[in-house]
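I opened a new notebook page for the pockets of this protein. The plan was to look up where they are and what lines them.

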Amino acid sequence: MSMIPYGRQDISEADIQAVVDVLHSDFITQGPAVPAFEASVANYCGAAHAVATNSATSALHIACLALEVGPGDAVWTSPITFVASANCALYCGAQIDFVDIDPRTYNLSAERLTEKLAQAKKSGHLPKVLVAVHLCGQPCDMASIHALSQQYGFKIIEDASHAIGGKYRNEPVGNCRYSDIAVFSFHPVKVITTGEGGMALSNDKQLCKRMQLLRSHGITRDEADMTRAPDGPWYYQQIALGYNYRMTDMQAALGLSQMLRLDEFVARRHAIARRYAEGLADLAATIPWQHADSYSGLHLYVIRLKLAEINKTHRAVFDALRAAGISVNLHYMPVYRQPYYAGLGFEAGHCPEAEQYYAEAISLPMYPALTEAQQDSVIEALHRAIGK
Ligand SMILES: *Cc1c(COP(=O)(O)O)cnc(C)c1O
């Protein structure tokens, strides 16, 4: 029996040809496709600048470094996210903490953030950066978060790994109207893919210049940035401690080609969500609630079991779905419950709403190529697993 995955890439012949064309060309890394892909995404989102990287994880790392996160600083994020949203702070030697989630959107709660900031101000340890994660592709309450950033003086990175193609208040996610930097992921399960890849967008030219430098070893060939005159035409200077976080031209060509179908992908995801909403209406489960301000990128479709109305455990429902050939998943365990984070001193109960979510959530298959017949089999299996 072949399993229905929770997510997968959609690669066309045109996508394949775009990669092959690069392989026939002079440059397979750092050629013309990388800046073309950066321009395409920046233009789509309405951001001034973009820096492509080899993953969203590396983009988050250099975004933190560009905002001068370092030892002694605090970074806050949501507990319900992929570990990379938090790890980026630890890479910089900073401390991480978590703000509990909103019970309806499952994003970091602006109310909990307001309370936590007031406390942190009293104890004198305000965060330097907040990583706002747009879970499942639904944007956070960015207007409130931005207002708090003005009041308390922290910077904002949007982890928009799930959200390319989505909108907040009718404007594209990634335009950085309410943030300093926004990051996308192009991992194969995400909305568009480059195999592995990421991008950081910003309206701040200096921040992007800094991220470009850090993406490639901290090396510059720009005379204006050098500490002394070049010795000759071969000359470059390393002026910061950077990394090799570059995207290849093959990846960028794939991304550029995928961009042509981004709106189609997201529209298809919304059509699948509407069909789930109909098919699951009478089920003892909460389907994704959407705030009126948001048009989600819909990377994920998460339902929450109403366990009080079901005489099965969360685990038993999971197992029944897997046995029926459906690779349901769970996004995510609260990051601070990971053994590594427990080792940093985080304890169970730190974010009660997040833990409640973790006890009930199931990610259903959601990707453009999911057929109606496959979706029907998911809906049917859920009814059988949950009852009614
Ligand atoms: C996938 C993901 C990342 C990391 O993306 P990579 O491109 O795989 O490094 C970061 N944050 C979130 C929320 C993600 O879902």
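These entries take the two pockets in turn, the largest and then the second largest.

Entry one. I noted at the start that this is a predicted model.

Entry two. I looked up the largest pocket and found a volume of about 500 Å³. Its lining is made of 16 residues, and I wrote down Q212, L213, I219, T220 and R221 as the closest to the centre.

Entry three. Which elements each supply at least two residues of that lining? I found α7 (205–215) and β10 (219–220). The largest share, five residues, comes from α7.

Entry four. I sorted the lining of the largest pocket by residue type: four are nonpolar, six are polar and six are charged.

Entry five. I moved to the second largest pocket, which has a volume of about 290 Å³. I listed 23 residues in its lining, with T57, F82, S185, H187 and K190 the closest to the centre. Two or more lining residues come from each of α3 (56–66) and α4 (84–91). With three residues, α3 gives the most.

Entry six. I sorted the lining of the second largest pocket as well, and got nine nonpolar, eleven polar and three charged residues.

Entry seven. Where does the second largest pocket lie with respect to domain 1 and domain 2? I checked the lining against the domain bounds, 4–259 for domain 1 and 262–386 for domain 2. Both domains give residues to the lining, so I recorded the second largest pocket as lying between them.

Terms used
Residues numbered from 1 in each chain as written. Predicted model: local features only at pLDDT ≥ 70, side-chain atom pairs only at ≥ 80, totals over all residues. Heavy atoms only, no water. 1 Å grid on protein atoms, 1.4 Å probe; cavity = no way out; pocket = protein on both sides within 12 Å on 5 of 7 lines; lining within 4 Å. Points joined across faces, edges and corners; volume = space filled by probe spheres on them. Helix = DSSP H or I, 4+ residues; strand = E, 2+ residues; numbered from the N terminus. Nonpolar A, V, L, I, M, F, W, Y, C, P; charged D, E, K, R; others polar. Domains from an automatic or database assignment.
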